Structure formats: C-alpha cells, structure tokens
Amino acid sequence: MLRDKNLVPLSRQHQHALALCVRIERASPIRESDLIAWQQEIAQHFRAEIRIHFNAEEEFVFPAAHNFAELTPLIAELHDDHAWMRARFAEAEAQRLSAAEISEFAQRLSQHIRKEERQLFERLQQLMTGEQLAVMGRELEQVLKDAEQACALPAKEHKQL
Ligand SMILES: [Fe+2]
Ligand SMILES: [Fe+2]
C-alpha cells in the first residue's frame with residue numbers, strides 16, 4: 001500500500017536509518033580499527049534524527065494504535081525495541097559496543113523498521129479515518145519541525161561568529 005502522506009516524514013527517516021543498517025551489515029564483521037568510527041556515526045545519527053523519531057512515535061503513533069485491540073501486542077513489542085535500542089545508542093555514545101554488538105544492533109534496528117512499515121503503518125492506514133490520520137500528521141509535522149529547528153540553531157550561531 002502506498003504510504004499515507006501523514007506518515008511520510010517518519011517513513012523518510014526510516015529510509016535514512018535503513019541506509020545506515022545496510023552499510024553496517026555490508027561492513028560486518030566490523031574491523032577492530034573501525035569500531036570507534038562506527039559508534040560515533042551511530043551515536044550521531046541517534047542525536048540528529050532517531051531520538052526525536054522514537055519520541056514522536058511514542059507520543060503520537062503508538063497511542064493512536066492503542067485504540068485498536070489487534071495492534072496491542074505489536075505496540076508492546078515496538079516499545080520494547082525502543083528501550084533496547086536506546087540502551088545500545090547510549091553504549092555507542094560511550095564507545096562500549098563490540099563489533100558483534102554493532103552488527104546485532106543494525107539487524108534489530110532494520111527488523112524494527114520493517115515491523116513498523118509492514119505491520120503498524122499498513123494497518124493504521126486501513127483502520128484510521130482520513131481525519132484521524134490528518135490530525136496525527138499535523139502533530140508529527142509540528143514535533144519533527146521543532147526538532148529540525150533545534151538542530152539548525154547551533155549551526156546558524158556558528159556562522160555568525
Ligand atoms: Fe520505532
Ligand atoms: Fe520508526
């Protein structure tokens with residue numbers, strides 16, 4: 001099913017994260033000499049995009065899905081995935097991930113995204129009304145735009161120096 005326009009900003013971020021996962025999978029097994037660079041890249045991607053993406057899903061998408069009993073087990077699983085991945089991101093930030101853990105992380109992140117795209121988003125597009133999707137879309141647009149501005153500010157200040 002074609003992605004509903006209200007979910008497109010999240011799907012676009014999924015594409016960015018999947019691209020990182022594919023690069024990690026292609027580079028696996030990760031060489032010891034590349035360990036720090038990969039962890040820096042993972043941590044940077046989390047700060048730039050995934051942190052706000054997880055928050056936006058938890059605040060606006062998962063609660064909308066909770067209105068449909070059939071999605072309850074899936075939402076519980078997705079919440080658990082977020083918790084597991086936040087812990088891995090913190091470890092990447094502290095440069096504590098092993099090569100095997102980096103590969104495992106990439107696999108689980110891409111599985112998580114596929115679950116959201118193929119199960120959650122597909123089903124929400126069928127179950128929610130156009131009006132409900134539009135309300136959620138506006139909330140997502142606002143929170144993602146705020147994040148972009150927050151990211152843009154330090155760069156702008158830097159230019160003025
Ligand atoms: Fe998610
Ligand atoms: Fe997501």
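**Close-up views of cavity, pocket, helix contacts and loops**

**Figure 1. Lining of the largest cavity.** Five nonpolar, four polar and two charged residues make up the lining of the largest cavity. The model shown here and in the other views is predicted. About 70 Å³ of space lies in this cavity, and the structure holds one cavity of 30 Å³ or more. The lining is formed by Gln13, His14, Ala17, Glu49, Ile50, His53, Phe54, Leu109, His112, Ile113 and Glu116. At least two of the lining residues come from each of H1, H2 (35-65) and H4.

**Figure 2. Largest pocket, with a lining to which H1, H2 and H5 each supply at least two residues.** The space in the largest pocket amounts to about 280 Å³. Its lining has 13 residues, and those closest to the centre of the pocket are Pro9, Gln13, Leu144, Lys145 and Glu148. Helix H5 spans residues 130-160 and gives the largest share of the lining, six residues. Sorted by class, the lining of the pocket has six nonpolar, two polar and five charged residues. Gln13 is listed in the lining of the largest cavity and also among the residues closest to the centre of the largest pocket.

**Figure 3. Packing of H1 against H4.** Helix H1 covers residues 8-27 and helix H4 covers residues 99-127. Their axes are 9 Å apart, and the packing angle is about 150 degrees. Angles over 145 degrees count as roughly antiparallel, and H1 and H4 are therefore roughly antiparallel to each other. The crossing of H1 past H4 is left-handed. On the H1 side the contact is made by Leu10, Ser11, His14, Ala17, Leu18, Cys21, Ile24 and Glu25. On the H4 side it is made by Ile102, Ser103, Ala106, Gln107, Leu109, Ser110, Ile113, Arg114, Glu116, Glu117 and Phe121. Ten of the contact residues are nonpolar, five are polar and four are charged. His14, Ala17, Leu109, Ile113 and Glu116 of this contact also appear in the lining of the largest cavity.

**Figure 4. Packing of H1 against H2.** The axes of H1 and H2 are 11 Å apart, at an angle of about 145 degrees. H1 makes a left-handed crossing with H2. From H1, the residues in contact are Leu10, Gln13, His14, His16, Ala17, Leu20, Arg23, Ile24 and Ala27. From H2, they are Trp38, Glu41, Ile42, His45, Glu49, Ile50, His53, Glu57 and Val61. The contact comprises nine nonpolar, five polar and four charged residues. Among the residues of this contact are Gln13, Glu49, Ile50 and His53, which are listed in the cavity lining as well.

**Figure 5. Packing of H3 against H4.** Helix H3 runs over residues 72-93. The axes of H3 and H4 come within 11 Å of each other and cross at roughly 150 degrees. That angle makes H3 roughly antiparallel to H4. H3 and H4 cross in a left-handed sense. H3 contributes Leu74, Ile75, Glu77, Leu78, Asp81, His82, Trp84, Met85, Arg88 and Phe89 to the contact. H4 contributes Glu104, Phe105, Arg108, Leu109, His112, Lys115, Glu116, Gln119 and Leu120. The class count for this contact is nine nonpolar, three polar and seven charged residues. Leu109 and Glu116 of H4 are found in the contact with H3 and in the contact with H1.

**Figure 6. Backbone at Pro29, in the loop between H1 and H2.** The peptide bond leading from Ser28 to Pro29 is cis. Its omega is near -5 degrees.

**Figure 7. Backbone at Gln95, in the loop between H3 and H4.** Gln95 is not a glycine, yet its phi is positive, at about 55 degrees.

How values were computed. Residues are numbered from 1 along each chain as its sequence is written. Chains are lettered from A and ligands numbered from 1 in the order in which they are written. This is a predicted model: local features need pLDDT of at least 70, side-chain atom pairs count only at pLDDT 80 or more; totals for chains, interfaces and linings use all residues. Side-chain values use heavy atoms; hydrogens and water are left out. Axes are lines fitted to C-alpha atoms, for helices over the stretch in contact, and angles run from 0 to 180 degrees between N-to-C directions. Helices (H or I, at least four residues) and strands (E, at least two) are DSSP runs, numbered from the N terminus. Angles under 35 degrees count as roughly parallel, over 145 as roughly antiparallel, 65 to 115 as roughly perpendicular and the rest as oblique. A crossing is left-handed if the near helix is turned anticlockwise from the far one by less than a right angle, and right-handed if clockwise. Contact means heavy atoms within 4.5 Å. Ala, Val, Leu, Ile, Met, Phe, Trp, Tyr, Cys and Pro count as nonpolar, Asp, Glu, Lys and Arg as charged, and the others, Gly among them, as polar. On a 1 Å grid over the protein atoms alone, a cavity is a set of points where a 1.4 Å probe fits but cannot get out, and a pocket is an open set with protein on both sides within 12 Å along at least five of seven lines; lining residues have an atom within 4 Å of a point. Grid points are joined across faces, edges and corners, and a volume is the space filled by probe spheres set on the points.
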